[in-house]
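Colleague: Thanks for making time for this one. Could you walk me through it once it is on the screen?

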Amino acid sequence: MALLEIRGLTVEFRTTLGPLRAVDGLDLDVEKGEIVGIVGESGSGKSVAMLAVMGLLPRTTTITAERLAFDGADLLSLSTRRRRALTGKAMAMIFQEPMTSLNPCFTVGFQIVEGLRQHEGGSRRALRARAVELLEKVGIPAPEERLGAFPHQLSGGMSQRVMIAMAIACNPQLLIADEPTTALDVTIQAQILDLLVELQRERGMALVLITHDMGVVAETAHRVSVQYAGQQVELREVKALFADPRHPYTAALLEALPERSSGRLLPTIKGVVPGLRDRPPGCLFEPRCRLATAHCRAVPPPLAPAGDALARCHYPLFEGLPQNHPGTAERAS
Amino acid sequence: MFRFLLARLGILVPTFVGVTFVAFVLIRLVPGDPIEMLAGERGIGAERHAELMAQYGFDRPLWYQYGSFLVNVLQGDLGQSLVTRRPVLAEFLALFPATVELSLLAMLFAVLVGLPAGVLAAVRRGTFLDHAVMGASLTGYSMPIFWWALLLIILFSGMLQWTPVSGRIDLLYFFEPVTGFMLIDSLLADEPGAFASALRHLVLPAVVLGTIPMAVIARQTRSAMLEVLGEDYVRTARAKGLAPRRVVGLHALRNALIPVVTVIGLQVGLLFSGAILTETIFAWPGVGKWLIDSIARRDYPSVQGGIVLIAGVVMLVNLLVDLLYGLVNPRIRHAR
Amino acid sequence: MPAELTEAADGIKQPGPLLEFWHYFRENRGSVAGLVVICIVVLAAILADLIAPYGPAEQFREHFLAPPVWMEGGSWQFVLGTDAVGRDILSRIIHGSRFSLVIGLIVVSLSLAAGVVIGLVAGFFRGWTETMIMRLMDIILAMPSLLLAIVIVAILGPGLVNAMIAVAITYLPHYVRLTRASVIAETSRDYVVASRVAGAGLGRLMFVTVLPNCMAPLIVQATLGFSNAILDAAALGFLGLGAQPPTPEWGTMLADAREFVLRAWWVVTFPGLAILITVLAFNLMGDGLRDALDPKLKRS
């Protein structure tokens, strides 16, 4: 049994224009001690899905799933109190903007101790010692002095380290990192990623790494889930994915990596992610896909096995060639 | 923090001097000269008039008169009341506790009702409760409080007979003022029923005076909370698995308080305008009523001194609020 | 769906600013209600002579303190009852709406006009001029507005006109501060620099280039100022320093009625209710205006 089981997770926001489906039937398992990367453009629903797992979405959102379970416990049927006992303890999350994710009115020490006290308790002194230990762990110099610091006195990298310290305070089995390095300087990004991977290995926790950066995924993740417009389009071992992407969208994403580009111009994916009102009836990627056929426009493809992967495509790629594609024969000739 | 305070004081002192100047000029603008006013209806001989003018220094050039007025003010001498012949400062200080007591209770009422109402409205955004709070708050904000006072008198004093119509305490209680605050003095006096009587006298005026601040605080709290509830750190707090009560009541409210404290501070200045009306209606023996009476009696030194003193108090309170603002906002407290 | 949307967008093309404003304004039901009430009050003021059953000063000596129609002893002759000298309260309230609207209009125009000019001067001539102006405004703000108004009335003598001048002076700092702040924000923008470079004179720069771009907050403040002006003028009337009896100004009516508080509640209730409703309407509309004039603020 996987640590986190997600089957058919759907999240809808109520908007003035009607319901907006941010996540559409997501399936994902996260095993203990595994790093799963979730990749996709902004608006692909990657953060929303994990916020749903954490129970952090506003009450007005509709969350449905065939199964949403953590360590065997069904999250959707859990009482809010029991659910809260899990959040921040067994599963924790860090966010994209470390500078605004810390409360400006409280000291770093207070904010770290708060979670500890909530879930584990202990004397004031013991909690303080734990907090110092945690700050040390995440590589913050002079941790004792930092306890009394306010967030505005910290740099972005420091803030993210504090966020990580808060997240791992109760030894979570699952840590969700939502674009943890996007808002940081390039030099700091690598440090934070290294820290996350190191902590993950040391503590044997599962790590879900949400990012739009394929490079980050390549360096850290074991498995990758590629998201497009709220749907999973490919799920794969990381090495295989980079070697031989199955979905045209994944292939396009990889082509857009600077280190892979061979020409003078960096290839881009034309068009934009479909919005609320212009969702195509068939495959969601079809309007931007160079391989799209009439079949793609009419019938939405299911997420189906394609070799060693799951891919949501009628004509999954093998070695760059679409399978059973009506145009393949012509192209080959 | 120290610099912040110094900068504030740097603005405050010239403003206060400016207030003394404006008060001085305003009183000089009143038609008729002060000695004639002193003499009243009986009139006064030309010789005696000149003598008195010289005695009070009114024959000196205006700039000289203002100079000596300013020097006197800075030494705590605000002149004499034309009516009672007592020093204006003494008159003011005797009545000031009554106004402070009333204002404090009004603000207490405003904060105790307005703050939770605003928080609730924000948390239950879009519900009936939210609309009810906002409707009530807008009504309170639009309230002519002199009319509101009369309405409450009709209801609570007239129909229900719960509260007295005027004054600070029933006449059968008498004790020496110790603090000047009737609620405290009545407790110290150890007379049965005195405290209850003082409280019953205080309730209606305090509610009336607190109505507009309450409405403003509720509105401001709601909008500040709505803004803060969408912040990343609130999500972080929830991600820690904290109870909603703690997330809203500590993490969100603590931040929302920053703008709310500013608004509460602004209300203190406006409170005096309300106190003038409230004290007049409830015959509350405070400085607001005293000023109105002084104007009616053409007791201009009292009016002049009263303006200076009240403006001084307002500025001091605003300074305190600025300090308080520094306390609630760590970003200012730790400004380098 | 997409086709429909694009069609609709094509059909409207750029909606005019007024239409767009109305679109946002209409969304807020409260402010529309406020607008309706204001229209009713304006109509009542214009048509007072036609719709009021009696003249505002007309006395009915056999009907002192007659109760409103639904109370025992009330009659349709005096729907809202009569006051202590036998005047019809409804008629007086209808006639009083004229005073409240005129008070609001004059006070707001006075303080807006003066405040905008002083604010523009402060914003354009920085340095000493600005410092002096802003310190003077600080001084006015340090004094409780009602107290200042009362003192000014004491100098000028009681009366409606003087009360309006007094109230207008107490509101001056708000407009000055607002104008100065937006002028300073605007003058650093490129279009102002461009206009300056193109050789626009100071007057043109102030009133034609910059001022229109500072109007939104001023309009909102003016609407809200309307309600404050009505409240403060009524308060002065109530204290006997504003409009003098027998003027049917609402605050003055309340002052007359004070001694009957416990005997005849209707004498007190209705004029105050009229003030409350009018002020509430202006505040509701002011809220709607603010949201409509600043859609970004509303969306957040």
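Modeller: Happy to, and let me start with a term: two residues are in contact if their C-beta atoms, placed from the backbone, lie within 7 Å. Please keep in mind that this is a predicted model.

Colleague: Good, then let's use it. Among contacts in chain C between residues at least 6 apart in sequence, what percentage join residues at least 24 apart?

Modeller: Chain C has 14 helices and zero strands. Its C-alpha atoms fill a box of roughly 75 × 60 × 30 Å along the principal axes. Among its contacts between residues at least 6 apart in sequence, the share joining residues at least 24 apart is 70%.

Colleague: And how much of chain B counts as buried?

Modeller: Chain B also comes to 14 helices and zero strands, and its C-alpha trace spans about 85 × 55 × 40 Å along the principal axes. Being buried takes 20 or more other C-beta atoms within 10 Å of a residue's own. Of the 336 residues of chain B, the buried part is 42%.

Colleague: Some stretches of chain B carry a record annotation. How far apart are the end C-alpha atoms of residues 92–121 of chain B?

Modeller: The unreviewed UniProt entry annotates several stretches of chain B as "transmembrane region", including 92–121 and 256–284. In the model, residues 256–284 of chain B are 90% helix and 0% strand, with end C-alpha atoms 35 Å apart. Residues 92–121 of chain B are 100% helix and 0% strand, and their end C-alpha atoms are separated by 41 Å.

Colleague: Which element gives the most to the side of domain 1 of chain B that touches domain 2 of chain B?

Modeller: Chain B is divided into domain 1 (16–74) and domain 2 (89–333), and their C-alpha centres lie 37 Å apart. Ten residues of domain 1 of chain B and nine residues of domain 2 of chain B take part in the contact. On the domain 1 side, α1 (2–29) and α2 (34–39) of chain B each supply at least two residues. With six residues, the one giving the most is α1(B).

Colleague: By class, how many residues on that side of domain 1 of chain B are charged?

Modeller: The side of domain 1 of chain B that touches domain 2 of chain B has nine nonpolar residues and one polar residue. That leaves the charged class, and the count there is zero: no charged residues.

Colleague: Now to the contact between chains C and B. Which helix gives the most to the side of chain C that touches chain B?

Modeller: The contact takes 33 residues from chain C and 36 residues from chain B. By class, the chain C side has 25 nonpolar, five polar and three charged residues. Helices α6 (128–142), α7 (145–156), α11 (215–238) and α13 (265–293) of chain C each supply at least two of these residues. The most, ten residues, comes from α13(C).

Colleague: Let's turn to chain A. Which strands are at the edges of its eight-stranded sheet?

Modeller: The sheet is open and mixed in its pairing, with the order β7-β8-β9-β3-β10-β11-β13-β12 in chain A. An edge strand pairs on one side only, and here the two are β7 (91–94) and β12 (304–306) of chain A.

Colleague: In β8(A), which residue is the bridge partner of A:Ala92?

Modeller: β7(A) and β8(A) pair in the parallel sense over four bridges. A:Ala92 and A:Ile94 are buried on one side of β7(A), while A:Met91 and A:Met93 are buried on the other. In β8(A), the bridge partner of A:Ala92 is A:Leu175.

Colleague: Further along the sheet, which residue in β11(A) stands opposite A:Arg223?

Modeller: Strands β10 (residues 223–228) and β11 (residues 231–237) of chain A run antiparallel and are joined by six bridges. Opposite A:Arg223 stands A:Glu237.

Colleague: One last residue: is A:Asp71 buried, partly exposed or exposed?

Modeller: A:Asp71 is in the loop between β5 (67–70) and β6 (73–74) of chain A. Leaving aside neighbours within four places in sequence, A:Asp71 is in contact with A:Leu3, A:Ala90 and A:Gln173. Buried would need 20 or more other C-beta atoms within 10 Å, and exposed 12 or fewer. A:Asp71 has 16, so A:Asp71 is partly exposed.

Terms used. Residues numbered from 1 in each chain as written. Chains lettered and ligands numbered in written order. Predicted model: local features only at pLDDT ≥ 70, side-chain atom pairs only at ≥ 80, totals over all residues. UniProt positions renumbered as here; feature names shortened; annotations may be inferred. Pairing = 2+ DSSP bridges. Domains from an automatic or database assignment. Nonpolar A, V, L, I, M, F, W, Y, C, P; charged D, E, K, R; others polar.
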